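Trainee: I'd like to learn how to read pockets and helix packing in a model. Could you walk me through one?

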Amino acid sequence: MLACAYLLGSIASAVVICRLFKQADPRQAGSGNPGATNVLRIAGRGPAVLVLVFDVLKGTIAVWSAYFLGLEPLYLGLVAMAACLGHSYPVFFGFKGGKAVATAFGTLLPIGLGLACALIVIWLSVLLVTRYSSLAAVVTVSFAPLLTWLLKPDYALPVAMLALLIIVRHKDNLIRLYRGKEPKIRHHYNVK
């Protein structure tokens, strides 16, 4: 399951979808990050939504599959980590991947819709107030272990492991935020 989750996570939807839409490689354009936010910047809303959906599904499919095989919460957490590591370090795309926020969100969906809705509300609130996608992601994953503990305590440790991975992947963004150099999500992006 770990290998399957990693390989599923390694399918870089941002790169594939940008190629299908004849757009620049997101690893070499915009922020250089192959994720939905950068695809929004360089290719517009349609391709960005497709990337987001596919990246969420990578995490959901991996964890749900492991859940139906009867794996314990800790092992489900490791499967979730493998999917996110595949997204961040994809074997099929030279190990240069994204921040794994959407994939991590997808791995949390099997825990419950209540958790998913709470995380979406937090993410949207921070994004709308600050216009920083990276800050919204970090704040949201920081709340995820606490919310999970309140809803399904058995999954709190795996979710904390996942949250730590996402925060570490945002290290450069956090440094840029501290220095006031992190780009905001703007309305003038190429919104086709």
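**Pockets and a helix pair**

Mentor: Sure. This is a predicted model, and its second largest pocket has a volume of about 180 Å³.

Trainee: Which residues lie nearest the centre of the second largest pocket?

Mentor: To read a pocket, look at its lining. Here 15 residues do the job, and V63, L76, T107, I111 and Y155 sit nearest the centre. At least two lining residues come from each of α4, α5 (73–88), α6 and α9, with α5 giving the largest share, four residues. By class, the lining has twelve nonpolar, two polar and one charged.

Trainee: How much space lies in the largest pocket?

Mentor: About 1,200 Å³. Its lining counts 49 residues, and A36, T37, L52, W123 and S133 are the closest to its centre. Helix α4 gives the most to this lining, seven residues. Sorted by class, the lining of the largest pocket holds 29 nonpolar, eleven polar and nine charged residues.

Trainee: Now the helices. At what angle do the axes of α6 and α9 cross?

Mentor: For a helix pair, check the distance and the angle. The axes of α6 (residues 101–108) and α9 (residues 156–169) come within 10 Å and cross at roughly 175°. Angles over 145 degrees count as roughly antiparallel, so that is how α6 and α9 run relative to each other.

Trainee: Which residues make the contact?

Mentor: From α6 you have V101, A104, T107 and L108, and they meet V159, L162 and I166 of α9. That contact has six nonpolar residues, one polar and no charged ones.

Technical notes: Residues are numbered from 1 along each chain as its sequence is written. This is a predicted model: local features need pLDDT of at least 70, side-chain atom pairs count only at pLDDT 80 or more; totals for chains, interfaces and linings use all residues. Side-chain values use heavy atoms; hydrogens and water are left out. Axes are lines fitted to C-alpha atoms, for helices over the stretch in contact, and angles run from 0 to 180 degrees between N-to-C directions. Angles under 35 degrees count as roughly parallel, over 145 as roughly antiparallel, 65 to 115 as roughly perpendicular and the rest as oblique. Contact means heavy atoms within 4.5 Å. Ala, Val, Leu, Ile, Met, Phe, Trp, Tyr, Cys and Pro count as nonpolar, Asp, Glu, Lys and Arg as charged, and the others, Gly among them, as polar. On a 1 Å grid over the protein atoms alone, a cavity is a set of points where a 1.4 Å probe fits but cannot get out, and a pocket is an open set with protein on both sides within 12 Å along at least five of seven lines; lining residues have an atom within 4 Å of a point. Grid points are joined across faces, edges and corners, and a volume is the space filled by probe spheres set on the points.
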